[in-house]
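Biologist: Could you take me through the ligand site of this protein, and say how each value is defined as we go?

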Amino acid sequence: MRIAVYPGSFDPVTLGHIDIISRSSRLFDKLIVGVLNNSSKIPLFSAQERVNMIEDAVREYPNVEVQSFDGLLVDFARMSHATAVVRGLRAVTDFEYELQMSQTNHIIAPDIDTIFLTTNLNYAYLSSSVVKEVARYGGDISKFVTTLVRDKVLDKYNITAK
Ligand code: COA
């Protein structure tokens, strides 16, 4: 069984992330979305809230599971019996960070490889921070996230959906 892990902060999950989940779920028998709990970023949503939002968005993919994790990504991957880590590359600017991360992970765990998918052009500009920034100032985020995520983000900022 080919198992992969797709890790990230997902604060919150965007349509760009869901595009990567959808495409990589076709490449592996099982895809585990790993929600990082101990990020250096201060999250808007708790790990459980982030897991719940992703679970809602991936209901149509039977081979996708969502879990939160602490600590090293490679330990989480090994515990999940995964042999691959999936990451999305949006632009050249992602490359250096991703290269460093995948090479470090490969040195710690040579049995685990990182697979990169280039992000759908429609979402090349998108990040969780952009979503939060637009929402905070009253902008419409419905083209960036699912309806549930939009409502949860607006709730956090005490904004009523237009
Ligand atoms: N579509 C839209 N946005 C995307 C995206 C895509 N396909 N891919 C990445 N992003 C955005 C994210 O929304 C996020 O935006 P933000 O910075 O505005 O929040 C940004 O790109 C990068 O975040 P993300 O993909 O969530 O990664 P991350 O940098 O938050 O987390 C981990 C990366 C979890 C893989 C990494 O920190 C990790 O492995 N941590 C565990 C500790 C460890 O093992 N460290 C050693 C690694 S060398």
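What follows is a set of questions and answers on the ligand, its pocket and a nearby loop.

Modeller: This is a predicted model, in which local features need pLDDT of at least 70 and side-chain atom pairs count only at pLDDT 80 or more, while totals for chains, interfaces and linings use all residues. Residues are numbered from 1 along each chain as its sequence is written, and side-chain values use heavy atoms, with hydrogens and water left out.

Biologist: Which residues come nearest to the ligand?

Modeller: A residue counts as near if one of its heavy atoms lies within 4 Å of the ligand. The ligand has 24 residues around it, and those that come nearest are S9, L73, R90, S128 and S129.

Biologist: How far is an oxygen atom of the ligand from an N or O atom in the side chain of S128?

Modeller: A polar contact is a pair of N or O atoms within 3.5 Å (within protein, one must be able to donate a hydrogen and the other to accept it, and residues adjacent in sequence count only if both atoms are side-chain atoms). The side chain of K41 has an N or O atom 2.9 Å from a ligand oxygen, and that of T119 has one 3.4 Å from a ligand nitrogen. For the side chain of S128, the distance to a ligand oxygen is 2.8 Å.

Biologist: How much of the ligand's accessible area does the protein cover?

Modeller: Accessible areas come from the Shrake-Rupley method with a 1.4 Å probe, and for residues only the protein chains shown count as cover. Of the 940 Å² that the ligand has on its own, the protein covers 83%.

Biologist: Which element gives the largest share of the shell around the ligand?

Modeller: Helices (H or I, at least four residues) and strands (E, at least two) are DSSP runs, numbered from the N terminus. Two or more shell residues come from each of strand 1 (3-8), helix 1 (15-25), helix 4 (92-108) and helix 5 (128-136). The largest share, 4 residues, comes from helix 4.

Biologist: Where does P12 lie, and is the peptide bond from D11 to P12 cis or trans?

Modeller: P12 lies in the loop between strand 1 and helix 1, where F10 is also found. Phi of F10 is near 50 degrees, a positive value in a residue other than glycine. Most residues other than glycine have a negative phi, and most peptide bonds are trans. The bond from D11 to P12, with omega near 5 degrees, is cis.
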